Amino acid sequence: AARRWDPLGFVIPVPGYSDEKIDLFLARQLKPVAQNLDPDEVIEVHAMPFEIVVNMIEKGKINDAKTVVAVFRAIQKLDLL
């Protein structure tokens, strides 16, 4: 759970054939809580340093577009560049 949610804008993943819009947020002041998943949902949470996440993007280990955009917008928001 996050006590603070900072908006990072939105992305439109496939503008050529869909009007889907994904809002992005930077979650802060985190604490672990029990999951309340649907029966067919599987979500594994892994805490890791931000620098490792950026390195994984640079090496192509994370290549999901919305995740990449959210991480680099978070870098800008946190003034890490």
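Visitor: In which strand is Gln-29 found?
Guide: This is a predicted model: local features need pLDDT of at least 70, side-chain atom pairs count only at pLDDT 80 or more, and totals for chains, interfaces and linings use all residues. Residues are numbered from 1 along each chain as its sequence is written, and side-chain values use heavy atoms, leaving out hydrogens and water. Strands (E, at least two residues) and helices (H or I, at least four) are DSSP runs, numbered from the N terminus. The strand that holds Gln-29 is β2.

Visitor: What is the phi of Gln-29?
Guide: Most residues other than glycine have a negative phi. Gln-29 is not a glycine, yet its phi is positive. The value is about 55 degrees.

Visitor: Is Asp-79 buried or exposed?
Guide: Asp-79 is found in the segment after α2. Its phi is also positive, near 55 degrees. Buried means under 20% relative accessible area, exposed over 50%, and partly exposed in between (1.4 Å probe, protein chains only). Asp-79 has a relative accessible area of 62%, so it counts as exposed.

Visitor: What pattern does the chain follow along the sequence?
Guide: The chain has two helices and two strands. Read along the sequence, they give β-β-α-α.

Visitor: Which element gives the largest share of the largest nonpolar core?
Guide: A nonpolar core is a set of buried Ala, Val, Leu, Ile, Met, Phe, Trp, Tyr and Cys residues joined through side-chain atoms within 4.5 Å. The largest one has seven residues: Leu-8, Val-11, Ile-22, Leu-24, Leu-26, Ala-70 and Ala-74. β1 (2-11), β2 (22-30) and α2 (65-77) each give two or more. The largest share, three residues, comes from β2.

Visitor: How many residues are in the other core?
Guide: This core lies apart from the largest one. Among its members are Val-53, Val-54, Val-71 and Ile-75. Its residue count is six.

Visitor: Which Lys does Ile-22 touch?
Guide: Contact means heavy atoms within 4.5 Å. Residues up to four places away in sequence are not counted. Ile-22 then touches Gly-9, Phe-10, Val-11, Pro-13 and Lys-66. The residue asked for is Lys-66.

Visitor: What percentage of the contacts in the chain with a separation of 6 or more comes from residues 24 or more positions apart?
Guide: The base is the set of contacts with a separation of 6 or more. Residues 24 or more positions apart account for 44%.

Visitor: What percentage of the 81 residues in the chain is buried?
Guide: The C-alpha trace spans about 35 × 35 × 25 Å along its principal axes. Of the 81 residues, the buried part is 19%.
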